[in-house]
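Visitor: I would like a close look at one part of this molecule, namely its nonpolar surface and what lies behind it. Please take me through it in one connected account.

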Amino acid sequence: MRTKRYTTYLVLALVVCLGGFAAVMLTGARPKLGLDLAGGTSVILHAKSSEHVSKDVLAKTASIIEARVNATGVTEATVTPSGSNDIIVEIPAVKNADRALKVIGTTAQLTFRQVQQIVPAATKKKPPITKDAGRAVNDKQVVYPSSEAGNTNLYELAPAVLTGDVVTKAEAVVDPTSNNWSVSISMNSQGAKAWAAFTSKLACLRDQQKTPQDEVAIVLDGKVASAAGMQSPTGGTTGVSCHTGITGGNTQINVGGEVAAKNLALVLQTGALPITLQQQSTERVSPSLGRDSLDAGIRAGLIGLGLVLLYVLLYYRALGLIIWGGLILFSLAIFTILSTLGQTAGLALSLAGIAGIIVSIGITTDSYIVAFERLKDETRSGKSIRASVERGTARALRTILVADVVTATAAVILFFLAVGAVKGFALTLGLSTLVDVLIYYFFTRPAIMLLSQTRLFGGRGFFGMQEALGVEP
């Protein structure tokens with residue numbers, strides 16, 4: 001009965017590890033490389049605020065930037081607060097990196113204001129343009145220029161009636177007839193109510209022929225993206241009625257082209273930054289240093305692994321072959337997991353992550369040594385090979401579980417408390433530790449039990465377990 005169960009476990013381990021590896025190879029999935037291995041761009045964003053920025057605000061800003069970068073498809077990027085006023089953004093060399101760089105620092109301060117006065121470009125005495133485009137001037141009258149090409153007018157605007165905080169959805173759309181791009185936005189219930197009241201007021205001013213006070217200006221980062229009046233519902237057309245306004249909380253923002261529309265929709269969807277940032281430095285990172293270190297580490301690791309495999313084969317005989325098989329399955333499983341997470345969750349493998357895997361290989365080898373030395377203790381007490389294997393592997397499992405729980409606990413603590421490369425080290429170490437336990441339970445134990453029942457591996461001779469475990473003739 002137990003033989004059948006162990007055979008099932010062994011076959012299951014082989015199918016899962018070999019099948020998973022074959023699947024990722026056939027689909028072309030590979031572990032994604034981090035900035036230190038693939039190269040890319042490192043950007044330092046500095047808060048313009050003259051005062052100290054709180055940690056919560058800086059963390060929220062970093063979270064919004066990370067969401068923007070992820071929305072462009074660059075899921076391997078890392079966004080980390082640094083000090084009291086800086087945020088470090090590291091973007092690997094991927095096809096969407098340039099677009100990500102354009103949107104990471106866009107403040108996206110969106111407001112809806114009533115137009116009070118339009119100042120033509122030919123006016124000699126113009127009002128000063130309001131320099132501040134942040135939240136501090138939302139309740140103040142401002143003067144902003146237009147962002148539309150060819151429009152050189154200035155706009156005197158009333159305090160903001162709505163802000164981008166009411167936006168729940170933003171999508172870039174194109175008019176099939178004119179091929180013009182715009183951003184369609186939807187508002188929450190509070191915003192929809194305020195928008196209906198605001199447009200109703202402007203529609204009434206339109207009926208009173210009060211121009212340009214009947215126009216709404218959509219302002220983005222201190223520039224008027226568009227300013228238009230309310231369409232009159234006459235002649236059978238659908239317009240905006242006085243005392244009704246635009247219901248439903250939907251409107252559109254006209255922009256230049258496809259790229260501008262998609263970028264604006266992205267930053268509006270992810271939310272406005274709570275602080276204004278400027279790019280303090282932009283540095284192109286070469287992958288050559290990381291590649292050199294990786295190649296040197298792989299060479300050293302292969303030499304060390306080869307010596308270990310040779311030693312365990314000479315010392316543990318048939319049990320050494322089990323170590324070989326276990327390490328092969330361990331490697332295939334880790335490769336499959338990293339490839340899958342790289343494709344689905346954007347996990348990027350860095351030098352620190354590779355260090356975590358190398359450390360875990362040592363831990364896995366220790367698991368085999370613990371198990372085999374436990375078997376030796378059992379045989380020294382006078383038990384038969386079969387009894388020693390049955391009792392020894394069960395006791396070894398408890399010891400391995402205790403050791404791996406300690407390692408996994410340290411990895412979890414590091415993952416949640418550390419940042420940057422250390423987090424990658426903790427993740428790969430934790431995953432590898434989990435795989436180590438599963439490999440021992442589903443492969444190592446069954447393999448030892450089944451080999452001990454064969455004449456070649458269970459008896460004496462060079463590859464016999466009795467010889468390896470020191471059983472007296």
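Guide: Val412, Ile413, Phe416 and Leu417 make a nonpolar surface patch of about 470 Å². The model is a predicted one. Phe416 belongs to helix H10, and it counts as exposed because its relative accessibility is 65%, where the cut-off is over 50%. Nonpolar side chains in soluble globular proteins tend to be buried together.

Ala403 also has its place in helix H10. With a relative accessible area of 41%, Ala403 is partly exposed. Its C-alpha atom is separated by 9.1 Å from that of Ile363, although the two are 40 residues apart along the chain.

Next comes the interior. The largest nonpolar core has 39 residues, and those touching the most other members are Ile322, Ile323, Tyr368, Phe372, Ile439, Phe443 and Ile448. Helix H10 (385-417) is among the elements that give two or more residues to this core, and the others are H1, helix H7 (288-316), helix H8 (318-344), helix H9 (351-380) and helix H11 (421-452). H8 supplies the largest share, nine residues. Leaving aside residues up to four places away in sequence, Phe443 touches Leu10, Ala13, Ile322, Gly325, Gly326, Leu329, Tyr368 and Leu438. A second core of 27 residues is separate, and Ile218, Ala225, Met230 and Leu266 are included in it.

Two of the residues touched by Phe443, Leu10 and Ala13, are also on the list of buried residues of H1, together with Tyr6, Tyr9, Cys17, Gly20 and Val24. Helix H1 covers residues 2-27, and its 26 residues should span 38 Å at 1.5 Å a residue; the end C-alpha atoms are 37 Å apart, which agrees. Gly28, just after H1, takes a positive phi of about 80°.

Helix H5 (residues 189-207) can be checked in a similar way: 19 residues should span 27 Å at 1.5 Å a residue, and the end C-alpha atoms are 27 Å apart, so the values agree. The buried residues in H5 include Trp195, Phe198, Leu202, Leu205 and Arg206. Following H5 is Gln209, with a positive phi near 60°.

Arg206 leads to the charged pairs. The structure holds three salt bridges. In one of them Arg206 pairs with Asp207, with the closest N and O atoms 2.9 Å apart. Arg206 is buried, since its relative accessible area is 13% and the cut-off is under 20%, while Asp207 is partly exposed at 47%.

Another salt bridge joins Asp165 and Arg135, whose closest N and O atoms are 3.3 Å apart. Asp165 lies in the loop between strand E8 (162-163) and strand E9 (167-174), and Arg135 in the loop between strand E5 (110-119) and strand E6 (142-145), so this pair ties together parts 30 residues apart in sequence. Glu258 and Lys262 form a salt bridge too, with 2.8 Å between the closest N and O atoms. Both lie in helix H6 (residues 258-270), four residues apart, which is about one turn of the helix.

As for the whole chain, there are 13 helices and 15 strands, and buried residues make up 41% of its 473 residues. Its accessible surface comes to about 23800 Å², with 59% belonging to carbon and sulfur atoms.

How values were computed. Residues numbered from 1 in each chain as written. Predicted model: local features only at pLDDT ≥ 70, side-chain atom pairs only at ≥ 80, totals over all residues. Heavy atoms only, no water. Expected span 1.5 Å × (residues − 1). Buried < 20%, exposed > 50% of the residue type's maximum accessible area, 1.4 Å probe, protein only. Core = buried A, V, L, I, M, F, W, Y, C linked by side-chain atoms within 4.5 Å. Contact = heavy atoms within 4.5 Å. Patch = residues over 30% accessible without salt bridge, like charges linked within 9 Å, V, L, I, M, F, W, Y side chains within 5 Å. Areas by Shrake-Rupley, 256 points an atom, 1.4 Å probe, with all protein chains shown as cover. Salt bridge = Lys/Arg side-chain N within 4 Å of Asp/Glu carboxyl O.
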